[in-house]
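The following paragraphs lead a new reader through one protein structure, from its interior outward to its overall form and a few local details. Please keep the sequence and the model in view while reading.

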Amino acid sequence: MKQFDRAALAPILNEGIAALGLDLSADQTEKLLDYLALLAKWNSVYNLTSVRDPMQMLTLHVLDSLAAVPAFADAKNVLDVGAGGGLPGMVLAIARPDIQVSMIDTVHKKTAFLTQVKAELGLSNVTVYTKRVEQLEVQQKFDVITSRAFADLSDFVNWSNHVLAEGGQFIALKGVAPPDERERLPADWKVTQLRAIQVPGLNAERHLVLIARVQESEN
């Protein structure tokens, strides 16, 4: 693993936050760096991500997730499915402490990491589940369900729509947004918006796919 150089990473993170037009406090920026340090440390043992270089992690993971944050402007209660190392869920929880963020993954070592991050960073707005999303039961359903490179869009919707609140939406973080995936969506769901996002320091396609249930009047 390359050395974690906080002094070198901090200005890149700050520049990225400014480029994205996000209003984050110094404390939030420090927490993002703390999270990145934990991700790099745990990754050397648990293989949470194939990216090994902390500088690449900053761009490919943290800034990539931060670029999606504006899409969650009206969210109150979010579920990140297949959260893995906490992308975008943990980044969203730090950037938006006013939002309740739940993260679910089937792999225990990944949820152990997420639980450790929650504890070390004092994130009271985070909940972690170790199970398949199809088996998840909650008292309060989610107004937004998100995922990043988790599954085909149709599987994502089919497996998790039982915990989506009425009027809620899915926000999938994708590289390219393949038309065949969008066409395979269940009949009562539709893509409401395909939003291209620009990640600072990354010359690659990134899209948010917003999906909602088709209203009765549209059928």
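In this predicted model, a good place to begin is Tyr35. Leaving aside residues up to four places away in sequence, Tyr35 touches Val62, Gly85, Gly86, Leu87, Met90, Val91, Ile94, Phe113, Val117 and Leu121.

Tyr35 also belongs to a wider assembly. The largest nonpolar core has 53 residues, and Tyr35 is among those with the most contacts inside it, together with Leu13, Leu32, Leu66, Phe72 and Phe113. Two or more residues of this core come from each of α1 (6–19), α2 (26–46), α3 (54–66), α4 (89–95), β2 (100–105), α5 (108–121), β5 (164–174) and β7 (207–213). Helix α2 supplies the largest share, 8 residues. A second core, separate from this one, holds 19 residues, including Leu79, Phe142, Leu185 and Ile211.

One of the contributing helices, α3, deserves a separate look. How many of the 13 residues of α3 are buried? The helix is mostly covered, with 10 of them buried. These are Pro54, Met57, Leu58, Thr59, His61, Val62, Leu63, Asp64, Ser65 and Leu66. Their cover includes α1, α2, α4 and β4 (142–148). Two residues of this group have been met already: Val62 is touched by Tyr35, and Leu66 is among the residues with the most contacts inside the largest core.

The view may now widen to the whole chain. The protein chain has 7 helices and 7 strands, and along the sequence they follow the pattern α-α-α-β-α-β-α-β-β-α-β-α-β-β. The radius of gyration is 17 Å, close to the 17 Å that the globule rule gives for 219 residues, so the chain is as compact as a globular protein of that length. Taken along the principal axes, the box filled by the C-alpha atoms is roughly 55 × 35 × 30 Å. Of the 219 residues, 51% are buried. Among contacts between residues at least 6 apart in sequence, 67% join residues at least 24 apart.

The outer surface and the charges complete this general picture. The chain exposes about 10300 Å², of which carbon and sulfur atoms supply 47%. There are 21 positive and 26 negative charges, and their mean positions lie 4 Å apart.

Some local details of the backbone remain. Most residues other than glycine have a negative phi, and most peptide bonds are trans. Against that background, the peptide bond from Leu87 to Pro88 is cis, with omega near 5°. Pro88 is found in the loop between β1 (77–81) and α4, and Leu87 is one of the residues that Tyr35 touches. Asn47 has a positive phi, near 55°, although the residue is not glycine. Asn47 is found in the loop between α2 and α3. With a relative accessibility of 44%, Asn47 counts as partly exposed.

Finally, the reader may turn to Val128, in strand β3 (residues 126–130). Is Val128 buried or partly exposed? Its relative accessible area is 23%, whereas buried means under 20%, so Val128 is partly exposed. Not counting residues up to four places away in sequence, Val128 touches Met103, Thr111, Leu114 and Thr115. Val128 and Val69 are 59 residues apart in sequence, and their C-alpha atoms are 20 Å apart in space.

Methods: Residues numbered from 1 in each chain as written. Predicted model: local features only at pLDDT ≥ 70, side-chain atom pairs only at ≥ 80, totals over all residues. Heavy atoms only, no water. Core = buried A, V, L, I, M, F, W, Y, C linked by side-chain atoms within 4.5 Å. Buried < 20%, exposed > 50% of the residue type's maximum accessible area, 1.4 Å probe, protein only. Helix = DSSP H or I, 4+ residues; strand = E, 2+ residues; numbered from the N terminus. Contact = heavy atoms within 4.5 Å. Rg over C-alpha atoms; globule rule 2.2 N^0.38 Å. Areas by Shrake-Rupley, 256 points an atom, 1.4 Å probe, with all protein chains shown as cover. Lys, Arg positive; Asp, Glu negative; His and termini not counted. Charge placed at Lys NZ, Arg CZ, Asp CG, Glu CD.
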